[in-house]
Amino acid sequence: MGMPDANEGEFFSLDGMKQEDQAEIPEVLPVLPVQDAVVFPYTIVPLLVSNDKSIDAIDRALTRKRMLLMVTQHDGSADDPGSRDLYEVGTVGVVIRMLKLPDRKVRILVQGIARARVRDWREERPHLEAQVQVLEEYVRALTGVPLEALRRQVAASLEKVASLGKNISQEVLVIAANLEDPGRLADLVAGNLSLKPEDAQEILAILDASRRLQRVHEMLTREEELLTVQQEIDTQARDEIDKGQREFYLRHQLKAIQSELGEGNELVEEVRGYRARAEEAKLPPEAREEFDRQVRRLERMMPEMAEAATVRTYLDWMVGVPWAVETSDNLNLRQARRILDEDHYGLDRVKDRILEHLAVRKLKKDSKGPILCFVGPPGTGKTSLGRSIARALGRSFFRMSLGGVRDEAEIRGHRRTYIGSMPGRIIQGIHNSRTKNPVFMMDEVDKLGIDFRGDPSSALLEVLDPEQNSTFRDNYLNVPFDLSGVLFITTANMLDTIQPAFRDRMEVITLPGYIEDEKMEIARRHLIPRQIRENGLPRGALTIPDPALREIIRGYTREAGLRNLEREIASLCRKSAMRIATGRRKGVTLTAASVRRWLGPAKYGAEERLTKDSVGIATGLGWTPAGGAVLYVEAQAMKGKGGLLLTGQMGGVMQESAHAALSYARAHAAEYGIDDRFFATHDIHIHIPEGAIPKDGPSAGVTLAAALVSVCTGRPVRRSVAMTGEITLRGEVLAVGGVREKVLAAHLAHVGTVLVPRANLKDLNDIPARLRDEIDIVPVRRVKDVLARALV
């Protein structure tokens, strides 16, 4: 058994082989199995033989014209192949040279002379022999010019393959260029392409020289493509290696230069500091990957580069954000209730909702925080309530005002495309709070703007959605941050201006205005002590008894909240401080008279209330963002042609209510004793005072009807009755909103009876019991019920 000898050269072609040598080939030849190679005619091949049978076959060949049959094995791993392990087509060769080695191996140099097919195997001898038939070549597939073109193409392709790195000697290229015989050219090229044994055997078995040359050309073309791709890969790899070596060399040069300038150590220490801070911050995997990438960029930069400052700012933000810092909630429900009660009087619904959240957190540690929206008039304690919630939970508190914000980047942050970019206000708030789960209050969400820079409320949809905010991605950091542990609280004065999709993500809790008793209690517990401290008054230096405090509330404030009340108390504290500081008094106790003397004439008094029952003047109740309001509707009839004049800046809805009231009065004229000719001979003018203030809404429908029927019948309207409700042409009274605020306004105006739609009975539960005892709240279903109560 022989194999190609790696110590020898490649396949060579013999030009000196005579054609008549083939006629002298014996009919029976010893067989030399060849491993993993195919020997072609007209080539010289070095072989190394180690098998005893194969050595015997060589010895036998030396006695028979030095000829033997070289046949390739099917399986190159077989050490002792038999006839079944060999192909039937092989090459007859002549042993040119033989060298016996000390390790019982033989090295021979064999020259192929002809193709031969095995007709019969003879295995009885110590070595394998075969009866052979010499195969004659022919040319049929291609002749003439196409064959010559193919021959030239093969020779050119062989040179191209050699230029791409194939190990082919110059001698072989010269012989290939000068060979005219297509068969010998095909054998020469196939013997030097390092083909797989099965591919080479296929070439050997093709007797048509032109077709064999075509097949060799196909394999040569494939080899050329493979070498081209291999060369591209080698070039790319070499470029990468060269680039790495160049960067390594330049980096060492840079370090040497920085060392001479005294800068290298600073940069190394800075990078080491960033990495240490990143370890402490416990960045999540995606954030750490981006952090490491930016640190590597910083290492390659000169310290004085402008971009280096931008990278440093980014790294400072990355290690400054509290990725893993989280405060534990105070799950003691009794203590939380005590803290909420200390800071705020009333507001039981809000307090119960916070305690419910704590109870859920106590039972389920990974529960998501609620998104609360406090809606109420100014000064009702929405922001201070957020601080109390944070104190009760044991969390840090951060407040952000959204009033007037129009740029979406304020929420999501600016992209790092220019100097001065920074994270959005959400990430800034988390950074400033130093924990990843603070109580985050966003004030004035109803005053968000929108322009060409985007819609901030749409950007907040992701922030306030518990299903999405666990992977909130700020444009500046460009890595996800988990906001699911944050307790978001928003505040607003009204819901109408909030985008519906935005409002849908929040749990709305209404904070109504305070009644007089609640204001007095809050003033005693919080407002007066705070203003005494802020104005530097000693303990006990100022005393405000209940009559004086009630005088302040009734005569100098008219609001749903407490801001004006605190301002008036602050004014009294300052005046007391001046008297104590000048030594005129050591302590001050206020009375109702001293309040009027120090604060001046009462801003709200009896002159604003009706002094008697009047024809054509009805008391209505309306709702404003600042709470409830009392409005007076005046109607006057005059000689005319049946016209209706509306003044006082009535809105479209209120004007329609006025027309509906007129239609109702005309339709029921006989029922109320109105002359049929009255509407044809009179014009009616309806006016609502304070004409500079726009007014709109359906709540004034019953008030307009009462004033209009009053002026048509001449029956006065009771001044002690206030009313609210929308009317229909059928005389029905429909439900309206803001009933609690309207009743509070009626209480402040000292109205004794309030008429409300029967459909609003469910809203009466929100009115304090003491207030329901002081005011007679009458539910009505039809306009005739209203007129029966309101008209004298």
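## Walking through strands and salt bridges

Visitor: How exposed is R596, and which residue does its side chain meet in a salt bridge?

Guide: R596 is partly exposed, with a relative accessible area of 41%. Bear in mind that this is a predicted model. R596 sits in helix α20 (residues 592-599), and its salt bridge reaches a partner in helix α18 (residues 546-556), 45 residues apart. The closest N-to-O approach is 3.5 Å, and the partner is E551.

Visitor: Helix α10 and helix α11 are linked by a salt bridge between D341 and K351; which of the two residues is buried?

Guide: The side chains of D341 and K351 meet at 2.9 Å, N to O. D341 is in helix α10 and K351 in helix α11 (residues 348-363), 10 residues apart. D341 has 31% relative accessibility, so it counts as partly exposed. With a relative accessible area of 2%, under the 20% cut-off, the buried one is K351.

Visitor: What is the N to O distance in the salt bridge between E342 and R338?

Guide: Both residues lie in helix α10 (residues 333-343), 4 residues apart, or about one turn of the helix. E342 is partly exposed at 41%, and R338 is partly exposed too, at 44%. Their closest N and O atoms are 2.7 Å apart.

Visitor: How many salt bridges does the structure hold?

Guide: Some of them join up: R275, E279, R288, D292 and E299 are linked in a network of salt bridges. For the structure, the count comes to 47.

Visitor: Strand β9 has two faces; which of its residues cover which side, and are they buried or exposed?

Guide: Side chains in a regular strand alternate between the two faces of the sheet. In β9, I371, C373 and V375 are on one side, with L372 and F374 on the other. 5 of the 5 residues in this strand (residues 371-375) are buried. For both faces, then, the word is buried.

Visitor: Which residue of β15 stands opposite L372?

Guide: β9 pairs in the parallel sense with β14 (residues 487-492) over 5 bridges, and there L372 stands opposite I489. β9 also pairs in the parallel sense with β15 (residues 507-510), over 4 bridges. In that strand, the residue opposite L372 is E507.

Visitor: Strand β3 pairs with β8 and β5; which one runs antiparallel to it?

Guide: β3 (residues 28-34) is largely enclosed by the rest of the structure, because 7 of its 7 residues are buried. With β5 (residues 67-72) the pairing is parallel, over 4 bridges, and L32 stands opposite M70. The antiparallel partner, joined by 3 bridges, is β8.

Conventions
Residues numbered from 1 in each chain as written. Predicted model: local features only at pLDDT ≥ 70, side-chain atom pairs only at ≥ 80, totals over all residues. Heavy atoms only, no water. Buried < 20%, exposed > 50% of the residue type's maximum accessible area, 1.4 Å probe, protein only. Pairing = 2+ DSSP bridges. Salt bridge = Lys/Arg side-chain N within 4 Å of Asp/Glu carboxyl O.
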